[in-house]
Structure formats: structure tokens, C-alpha cells
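Dear colleague,

I am passing on the structure we spoke of, and I would be glad if you could look through it with the notes below beside you.

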Amino acid sequence: AFPGPGGRLTPREFGNAATSLTANPDATTVNIEDPGETPKHQPGSPRGSGREEDDELLGNDDSDKTELLAGQKKSSPFWTFEYYQTFFDVDTYQVFDRIKGSLLPIPGKNFVRLYIRSNPDLYGPFWICATLVFAIAISGNLSNFLIHLGEKTYRYVPEFRKVSIAATIIYAYAWLVPLALWGFLMWRNSKVMNIVSYSFLEIVCVYGYSLFIYIPTAILWIIPQKAVRWILVMIALGISGSVLAMTFWPAVREDNRRVALATIVTIVLLHMLLSVGCLAYFFDAPEMDHLPTTTATPNQTIAAAKSS
């Protein structure tokens, strides 16, 4: 039965429709609501306090959206140039913002979720490591020159091998340690489900930006005072080590307590080994080739000949 003029059913048409519905109970009916009436929605479940704590720990509430956008951005095949070009698609503001975040770690905030996850890059870590290599090598040569300055028997010879040694140490640390850590986290995630997981690129970003503090520290290591150098290395280690510890603790905190603590301690110890090793090798190591040699007097020569 169709409605009459004006969109309303007449009494006769209403009776025919009711009779038809009674005869065929399986017939489909359509409910036409008033356009002005708004549907009522069921109230959603209240957000648990545990979820709020996780969001506060991870850094922001829009992390899932940024992670999805990052995944869509890197959808090109890995064998194409466009895939690797996205790793260097970062502006100056983002790089400086991430450097500032690595210098001023915020307790309770996740460095990856705050600065990295929206657009992980290799531009910053690559140039930070390159700058650190030349800062350590040049500062080491200049420190050696200032220590022996004024000695008549000293002749300054630039040691270019320090550049290659520093490059090997820095880049090996910035790539091999994140690779090992990423493999370990993947292995532990297969056993214990953690609420936080990092990609290899994100771990490389964290390590790369955490090394920025050592650039001004290496320049200040030129000061020929061991006490000042060790104070500087402890300050740099405290800042960069806290960035690493606060970043990777959420990724292991759901694991066994001993495993989680051992992981964080290992990360900090490897970072300490890098900083202390660079200071000891490039700045505090004695230069045997430039030590003044003593010449024997004639009397010492005659005495040595008689004793033989």
C-alpha cells in the first residue's frame, strides 16, 4: 500500500497494510524516522586509568595516527630510490627540535613518540656522527699539540689516522648496537607482549641524536685538565644515557624484571664505554713518538764502555 496525498496513510490504506502484514509476517518493513529527530548513541565505555598512564608514558594521544601516516609515507618498494629518499625528507625545524629533545630529556615522556615516530630520518644521525668524528679527531690532534707546546724537541705531525679510527668507532656504534638491540627486542616481543615496540630506523634515530651532546663535549676536551675532561664526560653521559634509558625502558618494562633491568644497564654501559674509550684513546693516551729523548754524556759513555 502506498501513502496517499500528503505522505499520510488513509484509514482504508492503513487497514489494508495491517491485513497484509498479518497475512505475511515475514514481510520487510521500513522505518521512516522524522528528519529532525537525531539518533541516540550508546555512551562509550569509560577510558581506563591504565590506558591513560600508557598514553602519558608514550608521549601523546595521537601516536597511532602518526604511526599510520608514517607507514603510508614509506609505502614504496625498498629497491627504489624513493624509498630511501623518504629517510632524508626532513626539514631544519624538525632536526633542531629533535636535537633539543636529546639535550633536554623530559622524565616520563617518550623521545620516539614525541619527536621521531611521525617522520623517522637518517639525515640527522648521519651528519651528527660525521660531525662527531671530525670533532674528536681534530680536537685530539689539537689537544696533543697544546700539551707538547713549548718543548724544543717536539715537532707537530698531524695524525690523520685518528679520523679513520674515530669514524670506525662512531659509525659502528651508531649502527651495530641499534641492530643488536632491535634484534633483542624483537626476540623478547615474541615471548612477552609489550605495549611499546620500535623499528630499526627509530632505534638508529635515537642513538644518532643522543650522540649530539658529545660534539661540544669533544671540543671542550681540548682543555688540558683531566679533572675538567672527566666532569664533561660525566655530564654528557648523564644527558645522553638518560635519553636512551627513558626511551627504551617502556619497551622492556613488561618483560621479566631482571631482563628489563639488565637490558637498560647494558645500554648505559655500552654508552659509557664509548665515551670513556674516546676520551682515553684520543685525548689521554701518551704520545710516545713525541717524547723528548735524552742524550748520553761522554762520561756516561766511557762508564758504559768500561762496564761492558
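What follows describes one helix, then the cysteines, then the internal cavities.

Please keep in mind throughout that this is a predicted model.

Helix H8 covers residues 161–189, and its 29 residues reach 42 Å from the first C-alpha to the last, which is close to the 42 Å expected at 1.5 Å a residue. The helix nevertheless has a kink of about 30°, centred on Tyr-173, and Tyr-173 is itself among the buried residues of H8, a set that also includes Ala-166, Ile-170, Ala-174, Val-177, Pro-178, Leu-181 and Leu-185. Charged residues are found in that buried set as well, namely Lys-162 and Arg-188. The cover over the buried residues of H8 includes helix H7 (123–147), helix H9 (200–210), helix H11 (226–252) and helix H12 (257–282).

As for the cysteines, the structure holds zero disulfides. Cys-205 counts as buried because its relative accessibility is 0%, and Cys-278, with a relative accessible area of 5%, is buried too.

A search of the whole structure finds three cavities of 30 Å³ or more, and the largest cavity has a volume of about 80 Å³. Its lining consists of 13 residues, of which Gly-101, Pro-105, Ile-106, Lys-109 and Phe-111 lie nearest the centre. Helix H6 (111–116) and H11 each supply at least two residues of that lining, with H11 giving the most, at four residues. H11 thus appears both in this lining and in the cover over the buried residues of H8.

With best regards

Conventions:
Residues numbered from 1 in each chain as written. Predicted model: local features only at pLDDT ≥ 70, side-chain atom pairs only at ≥ 80, totals over all residues. Heavy atoms only, no water. Expected span 1.5 Å × (residues − 1). Bend = angle between axes of the 7 residues up to and from the residue. Buried < 20%, exposed > 50% of the residue type's maximum accessible area, 1.4 Å probe, protein only. Contact = heavy atoms within 4.5 Å. Disulfide = S-S within 2.5 Å. 1 Å grid on protein atoms, 1.4 Å probe; cavity = no way out; pocket = protein on both sides within 12 Å on 5 of 7 lines; lining within 4 Å. Points joined across faces, edges and corners; volume = space filled by probe spheres on them.
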